[in-house]
Amino acid sequence: MEVFTWLNDQLLRMDWLSALVRLLVEDVFGLDMAGRVGGSLHFFIYDTIKIFILLSVLIFAISWVQSYFPPERTRRILGGMRGLRANVTGALLGTVTPFCSCSSIPLFIGFTGSGLPLAVTFSFLISSPLVDLASVILLASIFNWSIAIAYVLVGIVLAVLGGTLIGRAKMENNVEAFVLHNKVLDLPQEQLTLRDRLNYAREQVAEVIQRVWLYVLIGVGIGAAIHNWIPEALITTLLGEERWWSVPLAVLVGVPMYADIFGTLPIAEALVAKGIGLGTALAFMMAVTALSLPSLIMLRKVVKPRLLALFFAIVVAGVMLIGFLFNTFAHLFV
């Protein structure tokens, strides 16, 4: 256990980096870590560097694995399955695709157009932005492994149940016609060499970093402000764990926003540090990543209002339930 704890602290939490940034803030900048400016600067520099290091390493590894599962191969795997097994597989495949909610929609179109059941494609659509392997490691680095694993499990359960409910609603006629007639070419999988996979993984790292860097900086900046500038009493008054409205309000605030999970994690970290319920912070994070307004607008171009409303209602209800459950059983994750 001591070895595992050491590895967790040094490789995930990067205590060594925190110590180096502390030296920079105190000895180079001459600021007091206990002060607002010094504390905010340490939070911003440390979290930014840590997130980008972990993100680069994890996306490289995930992309290497993903190079063996291009969309056509994924479609063929799912095409041979039915029922709960297909939903679970669709949700699990969503966890190995490091896409935001908007980036997941083109794959959703391809899968739906190729004839996969709506239950499967919506399980994928829910899980892809909500749960991915990189977010698991980042959650563990900010909170702990029990929270990270619990988050992944409830996210997959939400994706499977959500897809199942949508499938049973028999709303195939609520998908826009151009999606159902979208032609998917069944080309043989290219035999990639070692160099091809390395290049692909490196390109994916560059692409993901280019897509998320601004959201990460904004998220860390907001987190630093919450952590050191906004009074704890104000935050707990609005979003305190004992406030019944804290989870619905967090979801309501999160939906209009658009960011990857990597940009919302620092905000969730700062909220929890200020005494906000764990479930409230995670509900906010889930709402931002799975139900962002831009992704809903894009999805409306693909499905009709009734199906969009059902998807929205299921995910909102699921996220709120998850938030209440985490707040109720937060003591189990200490």
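1. A residue counts as exposed when its relative accessible area is over 50%, as buried when it is under 20%, and as partly exposed in between. K170 has a relative accessible area of 64%, so K170 is exposed. The residue is found in the loop between α9 and α10, the latter spanning 177-180. Its backbone deserves a look as well. Phi of K170 is near 50°, a positive value, and the residue is not a glycine. Keep in mind that the model is predicted.

2. Now the overall picture. The protein has 17 helices and zero strands. Its length is 334 residues, and 51% of them count as buried. The exposed surface comes to about 15,500 Å². Carbon and sulfur atoms supply 70% of that surface. Contacts between residues with a separation of 6 or more were also sorted by sequence distance. Of these, 83% join residues 24 or more positions apart.

3. Two helix pairs come next. Two packed helices are described by the angle between their axes and the distance between the axes. Take α9 and α17 as one pair. Helix α9 covers residues 145-168, and helix α17 covers residues 305-328. Their axes lie 10 Å apart, at an angle of about 150°. Angles over 145 degrees count as roughly antiparallel, and α9 and α17 are therefore roughly antiparallel to each other. The crossing of α9 with α17 is right-handed.

4. Which residues make the contact of α9 with α17? On the α9 side they are A150, Y151, V154, L158, G162, L165 and I166. On the α17 side they are L307, L310, F311, I314, G318, V319, I322 and F326. By class, this contact has 13 nonpolar residues, two polar and no charged. Gly counts as polar under the classes used. G162 lies on the α9 side and G318 on the α17 side.

5. The other pair is α13 with α15. Helix α13 runs over residues 246-254, helix α15 over residues 278-290. Their axes come within 8 Å and cross at roughly 25°. Angles under 35 degrees count as roughly parallel, which makes α13 roughly parallel to α15. Here too the handedness can be stated: α13 passes α15 in a right-handed crossing.

6. From α13, the contact with α15 draws on S246, V247, A250, V251, V253 and G254. From α15, it draws on T280, A283, F284, A287 and V288. The tally is eight nonpolar, three polar and no charged residues.

7. What happens beyond the end of α17? F329 and F333 are the residues to check there. F329 lies in the segment after α17, and so does F333. Is F333 buried or exposed? F333 has a relative accessible area of 17%, which is under the 20% cut-off, so F333 is buried. F329 has 39%, so F329 is partly exposed.

8. F333 reaches far along the sequence. Residues up to four places away are not counted here; beyond them, F333 touches N144, S146, I147, A150, L278 and F326. Among these, A150 and F326 also belong to the contact of α9 with α17. F333 and A148 are 185 residues apart along the chain, yet their C-alpha atoms are separated by 9.8 Å. For F329, the partner to check is G279. The two are 50 residues apart along the chain, with a C-alpha separation of 9.0 Å.

9. Two further residues are worth a visit. V120 sits in helix α7, residues 118-130. With a relative accessible area of 3%, V120 is buried. Its C-alpha is 8.2 Å from that of V160, which is 40 residues apart in sequence. W213 lies in helix α11, residues 194-228. At 41% relative accessibility, W213 counts as partly exposed. The C-alpha atoms of W213 and I51 are separated by 9.9 Å, with their positions 162 residues apart along the chain counted as sequence distance.

Conventions. Residues numbered from 1 in each chain as written. Predicted model: local features only at pLDDT ≥ 70, side-chain atom pairs only at ≥ 80, totals over all residues. Heavy atoms only, no water. Axes fitted to C-alpha atoms, helices over the stretch in contact; angles between N-to-C directions. Helix = DSSP H or I, 4+ residues; strand = E, 2+ residues; numbered from the N terminus. Parallel < 35°, antiparallel > 145°, perpendicular 65-115°, else oblique. Left-handed = near helix turned anticlockwise from the far one by under 90°. Contact = heavy atoms within 4.5 Å. Buried < 20%, exposed > 50% of the residue type's maximum accessible area, 1.4 Å probe, protein only. Areas by Shrake-Rupley, 256 points an atom, 1.4 Å probe, with all protein chains shown as cover.
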